[in-house]
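Visitor: Could you walk me through this fold, please?
Guide: Gladly; let us look at it together.

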Amino acid sequence: MHLSPFQPWLAALILLAGLITGAGAQTAPAPPATVTSTAPLPELGGTAIDGKSFNLKSLRGKVVMVFFWSTDCAVCRDKMPELRANVQGWRSQPFEVVTVSEDRKKQDLLDYERLVNGTIPANQRFITLWAGESGYMDSFTKRPRLPETFIIDKQGRIAWHGHPMSGLD
């Protein structure tokens with residue numbers, strides 16, 4: 001069976017809608033890489049590229065989409081408009097997008113962000129960390145490939161994680 005590239009991502013967004021609105025998970029189809037965890041909230045923190053201190057724990061009570069990516073990953077860059085649409089669409093809900101760049105050089109991320117800041121409205125931007133920054137901490141599972149997305153529920157548990165294209169043959 002062939003899935004379109006958007007079906008796994010769409011299933012994750014349906015799950016996200018249920019988490020935000022409080023609807024039962026049984027009403028939404030389970031995405032292919034569903035992981036329900038009772039483990040404590042993973043650690044994620046450091047200095048965001050805007051210079052502000054960030055700790056994932058500060059977002060407890062919100063649904064958080066954590067997106068690990070790199071500027072040299074074409075699929076990752078292609079997902080950015082979708083992430084910005086999520087930020088825009090869920091603005092009135094307890095929802096936040098956090099991106100983590102795994103670029104080898106910080107300058108690559110800064111160059112990309114300079115383009116974003118010049119073309120994308122401020123209300124469509126999200127918290128961005130660079131994994132190479134001094135003081136960066138991350139206890140999420142190792143990511144075998146990019147992009148990798150984690151959805152954290154309001155209680156701080158991983159509700160879903162996977163590659164936006166997972167489930168493809």
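Visitor: How many bridges join strand 3 to strand 4, and which way does the crossover between them turn?
Guide: This is a predicted model, where local features need pLDDT of at least 70, side-chain atom pairs count only at pLDDT 80 or more, and totals for chains, interfaces and linings use all residues. Residues are numbered from 1 along each chain as its sequence is written, and side-chain values use heavy atoms, leaving out hydrogens and water. Strands 3 and 4 run parallel, joined by seven bridges (strands are DSSP runs of E, at least two residues, helices of H or I, at least four, numbered from the N terminus; two strands pair if DSSP finds at least two bridges between them). From strand 3 the chain passes through helix 2 to strand 4, and the β-α-β crossover (clockwise from first strand over helix to second, with the strands pointing away from the viewer) is right-handed.

Visitor: Which residue of strand 5 is the bridge partner of V98?
Guide: Strand 5 (residues 127-130) runs parallel to strand 4, with four bridges between them. The bridge partner of V98 there is I127.

Visitor: How far apart are the end C-alpha atoms of helix 2?
Guide: Helix 2 covers residues 74-89, and its 16 residues should span 22 Å at 1.5 Å a residue (1.5 Å times one less than the number of residues). The expected span agrees with the end C-alpha distance, 24 Å.

Visitor: How many residues of strand 4 are buried?
Guide: Buried means under 20% relative accessible area, with a 1.4 Å probe and protein chains only. Strand 4 is mostly covered, and of its seven residues the buried ones number six.

Conventions. Buried < 20%, exposed > 50% of the residue type's maximum accessible area, 1.4 Å probe, protein only.
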